[in-house]
Amino acid sequence: MTLSLPIDIHSVKGFLADDEGQALYQQALHASTLGPCLEVGSYCGKSTVYLGCACRRQNSVLYALDHHRGSEEHQLGEEYHDPELYDAQRAAVDTFPAFRHTIARAGLEDTVVPIVASSALASRQWSTPLGMVFIDGGHSEEAAQTDYRSWAGHIVSGGILAIHDIFPDPAAGGQAPYHIWQLARASGLFEALATVNTLGLLRRR
Ligand code: MG
């Protein structure tokens with residue numbers, strides 16, 4: 001498959017591999033015809049470009065949810081802290097300017113609806129059925145469980161739940177995303193599709 005994106009995707013900061021991004025795009029091409037798509041954890045917009053391009057092609061919409069204050073591992077002094085994404089005046093991580101820049105460059109301002117809020121707040125009064133949900137938010141147990149419980153129930157039949165950073169081997173990476181992937185499987189509500197690299201994919205029955 002040749003997927004041509006409107007920008008050089010490697011110029012966007014982020015932790016999504018090429019094969020994972022392409023799988024997101026492929027899944028969203030169909031899922032976005034069932035309802036709007038939503039991602040949790042947009043960071044600087046890398047996955048947003050893949051999902052947004054698929055949504056744009058189908059004249060659908062992508063809700064891009066992130067508080068833009070960074071996950072645990074992005075904070076000052078942590079392993080994945082990036083000084084370029086730190087607002088020293090506010091003493092806080094701020095990925096929203098980089099995110100907006102990415103979306104504008106990619107020509108996706110007519111497709112992507114940014115939501116700058118926590119998952120818990122954004123979902124509190126949510127009632128729109130979703131064609132696809134991509135979870136790539138905080139990797140603590142609490143954050144991952146909140147994301148799963150907040151959004152998985154809104155996916156329509158035939159829609160897709162995608163979860164990033166699935167590491168069945170604890171030595172390879174944190175376990176929280178893997179735990180919610182297991183929760184989804186155990187719920188009986190989803191059929192597991194083939195995992196792509198560390199991207200878990202499930203289809204709502
Ligand atoms: Mg991730």
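Okay, a definition before anything else: buried means under 20% relative accessible area, exposed means over 50%, and partly exposed is in between, with a 1.4 Å probe and protein chains only. By that rule, His164 is buried, and Asp165 is buried too.

Quick housekeeping. This is a predicted model, so local features need pLDDT of at least 70 and side-chain atom pairs count only at pLDDT 80 or more, while totals for chains, interfaces and linings use all residues. Residues are numbered from 1 along each chain as its sequence is written, and side-chain values use heavy atoms, with hydrogens and water left out.

Now, back to those two residues. Which residues coordinate the magnesium ion? Asp136 does so through OD, His164 through ND1 and Asp165 through OD, at 2.1 to 2.3 Å. Along the chain, the donors follow the spacing D-x27-H-D. Donors here are N, O and S atoms within 2.8 Å of the metal (3.2 Å for Na, K and Ca), and water is not among the atoms, so sites may look incomplete.

Let's zoom out to the whole chain. There are 6 helices and 9 strands, and these are DSSP runs numbered from the N terminus: helices are H or I with at least four residues, strands are E with at least two. The radius of gyration is 16 Å, which agrees with the value near 17 Å for a compact globule of 205 residues. That is taken over C-alpha atoms, and the globule rule is 2.2 Å times the number of residues to the power 0.38. The C-alpha atoms fill a box of roughly 50 × 35 × 35 Å along the principal axes. Of the 205 residues, 50% count as buried.

For contacts, think heavy atoms within 4.5 Å. Taking the contacts with a separation of 6 or more, 72% come from residues 24 or more positions apart.

Next, helix H6, residues 176-186. Its buried residues are Ala176, Pro177, Tyr178, Ile180, Trp181 and Ala184. What do they pack against? Strand E6 (130-135), helix H5 (141-151), strand E7 (155-163), strand E8 (190-192) and E9. After H6 comes Gly188, with a positive phi near 80°.

E9 covers residues 200-204, and Leu201 lies in that strand. Leu201 has a relative accessible area of 2%, so it is buried. Leaving out residues up to four places away in sequence, Leu201 touches a set of residues including Gln27, Ile160, Trp181 and Val196. Leu201 and Leu24 are 177 residues apart in sequence, yet 9.1 Å apart in space, C-alpha to C-alpha.

On to the backbone. Most residues other than glycine have a negative phi. Asn59 has a positive one, near 55°, and sits in the loop between helix H2 (46-57) and strand E2 (62-65). His68 also has a positive phi, near 60°, in the loop between E2 and strand E3 (86-87). Buried or exposed, then, for Asn59? Asn59 is exposed, with a relative accessible area of 73%, whereas His68 counts as buried at 2%.

One last loop, between helix H1 (18-31) and strand E1 (37-40), where Thr33 is found. Thr33 counts as partly exposed at 48% relative accessibility. Thr33 and Val61 are 28 residues apart in sequence and 9.8 Å apart in space, C-alpha to C-alpha.

That's my tour, thanks.
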